[in-house]
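Trainee: I would like to go through this structure by question and answer. Where should we start?

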Amino acid sequence: MERPFTFINSAMSADGKISTKERKQVRISGSIDFDRMDSLRAGSDAIMVGIGTVLADDPSLTVKSEKRRAERKQMGLEENPIRVVVDSTARIPLDADIFKKGEGRRIIIVSRSAPAEKVRQLEEMASIIVAGDNEVDLVAAMEKLREMGVS
């Protein structure tokens, strides 16, 4: 089964750190890198983060540039790529920014160990992919994303 082409974008300090010991967000990147990331995001089918990022940073995962959002719409796309969160036990807060900001599809990937009631609540706000027993099986999740049109 084919899986989507995947790339990672990460910023780190000169000593190899991406956050503090307390997992606090630290501004490592500058405006040029933020613009480059926005361009990558605008050109992607989806952007995926793990639940740790959501809990630490509460990102909206939206395209920031009005021009880039307009260009996406002109191409027949939603103004934001699909926002995907990998969250084995469905810990994502129901008031997370990805649910409140920007239009576009949202997908939460959970394992079979996620509490059924929380999954039901999330189904009202996002598409749910179940992949894996106790933790998310990323290979299976990526195959399901491909089936949903993420390339």
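**Helix ends, core and charges**

Mentor: Start at a helix end, bearing in mind that the model is predicted. Ser65 caps the N-terminal end of α3, with a side-chain oxygen 3.3 Å from the backbone nitrogen of Lys67.

Trainee: Which residue just after α3 takes a positive phi?

Mentor: Helix α3 covers residues 66–74. Just after α3, a positive phi of about 85° is found at Gly76.

Trainee: In what order do the elements of the chain run from the N terminus on?

Mentor: The chain has six helices and four strands. From the N terminus on, their order is α-β-α-α-β-α-β-α-β-α.

Trainee: What share of the 151 residues in the chain is buried?

Mentor: The chain exposes about 9,200 Å², and carbon and sulfur atoms supply 50% of that area. Buried means under 20% relative accessible area. Of the 151 residues, the buried share is 36%.

Trainee: Which residues touch the most other members of the largest nonpolar core?

Mentor: The largest nonpolar core has 18 residues. At least two residues of this core come from each of β1 (46–50), α2 (51–57), α4 (97–100), β3 (106–110) and α5 (116–123). Another core, of 12 residues, lies apart from it and includes Ile107 and Met142. In the largest core, the members that touch the most others are Val54, Val85, Ile92, Ile98, Phe99 and Ile108.

Trainee: Which residues does Ile98 touch, not counting those up to four places away in sequence?

Mentor: Ile98 is among the residues that touch the most other members of the largest core. Leaving out residues up to four places away, Ile98 touches Pro59, Ser60, Leu61, Arg83, Val85, Ile92, Arg106 and Ile108.

Trainee: Arg72 is buried; what is the nearest side chain of opposite charge?

Mentor: Arg72 sits in helix α3. Beyond four places in sequence, the residues it touches include Arg41, Glu78 and Glu79. A salt bridge requires a side-chain nitrogen within 4 Å of a carboxyl oxygen. Arg72 has no salt bridge, and the nearest side chain of opposite charge, 6.2 Å away, is Asp45.

Trainee: Why does the salt bridge of Arg3 and Glu143 tie together parts that are far along the sequence, and how many residues apart are they?

Mentor: The closest N and O atoms of Arg3 and Glu143 are 3.7 Å apart. Arg3 is partly exposed at 44% relative accessibility, and Glu143 is partly exposed at 22%. Arg3 lies in the segment before α1 and Glu143 in helix α6 (residues 138–147), so the parts tied together are apart in sequence by 140 residues.

Trainee: Is Arg68, which meets Asp35 in a salt bridge, buried or exposed?

Mentor: The N to O distance in the salt bridge of Asp35 and Arg68 is 3.1 Å. The pair links helix α1 to helix α3, with the two positions 33 residues apart in sequence. Asp35 is partly exposed, with a relative accessible area of 42%. Arg68 has a relative accessible area of 17%, so it is buried.

Trainee: How are Asp97 and Lys100, which meet in a salt bridge, separated in helix α4?

Mentor: Their salt bridge has an N to O distance of 3.7 Å. Asp97 is buried at 11% relative accessible area, whereas Lys100 is exposed at 56%. Because they are three residues apart in helix α4, Asp97 and Lys100 are separated by about one helical turn.

Terms used
Residues are numbered from 1 along each chain as its sequence is written. This is a predicted model: local features need pLDDT of at least 70, side-chain atom pairs count only at pLDDT 80 or more; totals for chains, interfaces and linings use all residues. Side-chain values use heavy atoms; hydrogens and water are left out. Buried means under 20% relative accessible area, exposed over 50%, partly exposed in between (1.4 Å probe, protein chains only). Accessible areas come from the Shrake-Rupley method with a 1.4 Å probe; for residues, only the protein chains shown count as cover. A nonpolar core is a set of buried Ala, Val, Leu, Ile, Met, Phe, Trp, Tyr and Cys residues joined through side-chain atoms within 4.5 Å. Contact means heavy atoms within 4.5 Å. Lys and Arg count as positive and Asp and Glu as negative; His and the chain ends are not counted. A polar contact is a pair of N or O atoms within 3.5 Å; within protein, one must be able to donate a hydrogen and the other to accept it, and residues adjacent in sequence count only if both atoms are side-chain atoms.
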